[in-house]
Amino acid sequence: MRLEKTEKAREELRGGLRRLGRRERNLLILADGKKTVQDIESILKDEARPLAESLIREGYLMGISLTPPKSTPQPAKNQGGGLAPSVMPPEQSVNADAFEGKRSLATTRMFLFDICERMFSRRAPDQAQAFREAFRNARDRESMLTVARDMMEAVELIAGAERADSISQRIAMLLPVET
């Protein structure tokens with residue numbers, strides 16, 4: 001099942017009133033209509049499925065079935081005998097810019113080092129050094145994401161939730177889909 005944001009979720013991510021916690025907001029950011037629950041589990045681990053189910057119940061997410069419908073509806077005919085125009089769904093707005101590059105851990109790691117330098121090297125040099133060292137020691141996806149989550153919490157404290165969310169969106173676009 002693929003996960004897609006509802007209008008309620010988009011309102012939550014726009015800023016202003018925050019009703020959800022950090023983990024729930026992270027899942028909303030990752031839910032782009034293309035990722036499945038399994039894709040998101042590779043990032044959020046055991047939290048993904050219960051969080052997704054909760055957010056679907058609360059109206060923040062929609063689950064889109066991956067199986068095609070059993071019967072294909074026939075196009076409607078209008079009064080003049082021709083086919084009635086089809087109604088297309090409205091375009092979904094996306095908070096992050098489009099990314100067409102190759103997803104990789106190396107690209108993600110470089111992005112995280114860059115964010116560390118931009119956000120912490122002048123404001124909090126000791127914290128920047130701690131993050132740099134933690135990223136150097138993070139040899140696999142899980143340990144790198146653990147450090148990234150810690151850094152996003154620090155970014156939220158110094159730059160606000162909107163900035164942390166936009167960085168989290170970029171991280172989600174850079175990470176390769178785990179198989």
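Trainee: Why does M151 count as buried?

Mentor: In this predicted model, M151 has a relative accessibility of 0%. Buried means under 20% relative accessible area, so M151 meets the criterion.

Trainee: Where is M151 placed, and which residues does M151 touch beyond those up to four places away in sequence?

Mentor: M151 is in helix 7, residues 141-159. Not counting residues up to four places away in sequence, M151 touches L112, I115, C116, F120, F131 and F135. Contact here requires heavy atoms within 4.5 Å. As for A128, its C-alpha is 9.4 Å from that of M151, with the two positions 23 residues apart in sequence numbering.

Trainee: What makes R132 a buried residue?

Mentor: The relative accessible area of R132 is 15%. The limit for buried is under 20%, and R132 is therefore classed as buried. R132 belongs to helix 6, which spans residues 125-137.

Trainee: How do you know that the side chains of R132 and Q129 make a polar contact?

Mentor: The contact between the two side chains is at 2.6 Å. A pair of N or O atoms must lie within 3.5 Å, with one able to donate a hydrogen and the other to accept it; the distance of 2.6 Å therefore satisfies the cut-off. Leaving out residues up to four places away in sequence, R132 also touches F113, C116, E117 and S121.

Trainee: Which residues touch the most other members of the largest nonpolar core?

Mentor: They are L27 and M151, in a core of 44 residues. Helices 1 to 8 each supply at least two residues of this core, and helix 7 provides the largest share, with 8 residues. Membership requires a residue to be buried; at 0% relative accessibility, M151 therefore fulfils that condition.

Trainee: What does L27 contact, apart from neighbours within four places in sequence?

Mentor: L27 is in contact with L3, I40, L44, A48, L51, A52, L55 and L61.

Trainee: How many cavities of 30 Å³ or more does a search of the whole structure find?

Mentor: The search finds 2. The largest has a volume of about 190 Å³. It is lined by 14 residues, and N26, I43, R149, S168 and I171 are the closest to its centre. Helix 2 (22-30), helix 3 (37-44), helix 7 and helix 8 (161-174) each give two or more residues to this lining. By class, the lining of the largest cavity comprises 10 nonpolar, 2 polar and 2 charged residues.

Trainee: What is the volume of the second largest cavity, and how do its lining residues divide?

Mentor: Its volume is about 50 Å³. Among its 11 lining residues, K35, I43, R103, P176 and V177 are the closest to the centre. The classes are 5 nonpolar, 1 polar and 5 charged. Helix 3 gives the most to this lining, with 3 residues.

Trainee: Which residues line the second largest pocket, and why are 5 of them called charged?

Mentor: The lining consists of R22, R23, N26, L44, E47, R149 and E153. Asp, Glu, Lys and Arg count as charged; R22, R23, E47, R149 and E153 therefore fall in that class. The lining has in addition 1 nonpolar and 1 polar residue, and these are L44 and N26 respectively. This pocket has a volume of about 160 Å³. Helix 2 contributes the largest share of its lining, 3 residues, and helix 7 also supplies at least two.

Technical notes: Residues numbered from 1 in each chain as written. Predicted model: local features only at pLDDT ≥ 70, side-chain atom pairs only at ≥ 80, totals over all residues. Heavy atoms only, no water. Helix = DSSP H or I, 4+ residues; strand = E, 2+ residues; numbered from the N terminus. Buried < 20%, exposed > 50% of the residue type's maximum accessible area, 1.4 Å probe, protein only. 1 Å grid on protein atoms, 1.4 Å probe; cavity = no way out; pocket = protein on both sides within 12 Å on 5 of 7 lines; lining within 4 Å. Points joined across faces, edges and corners; volume = space filled by probe spheres on them. Core = buried A, V, L, I, M, F, W, Y, C linked by side-chain atoms within 4.5 Å.
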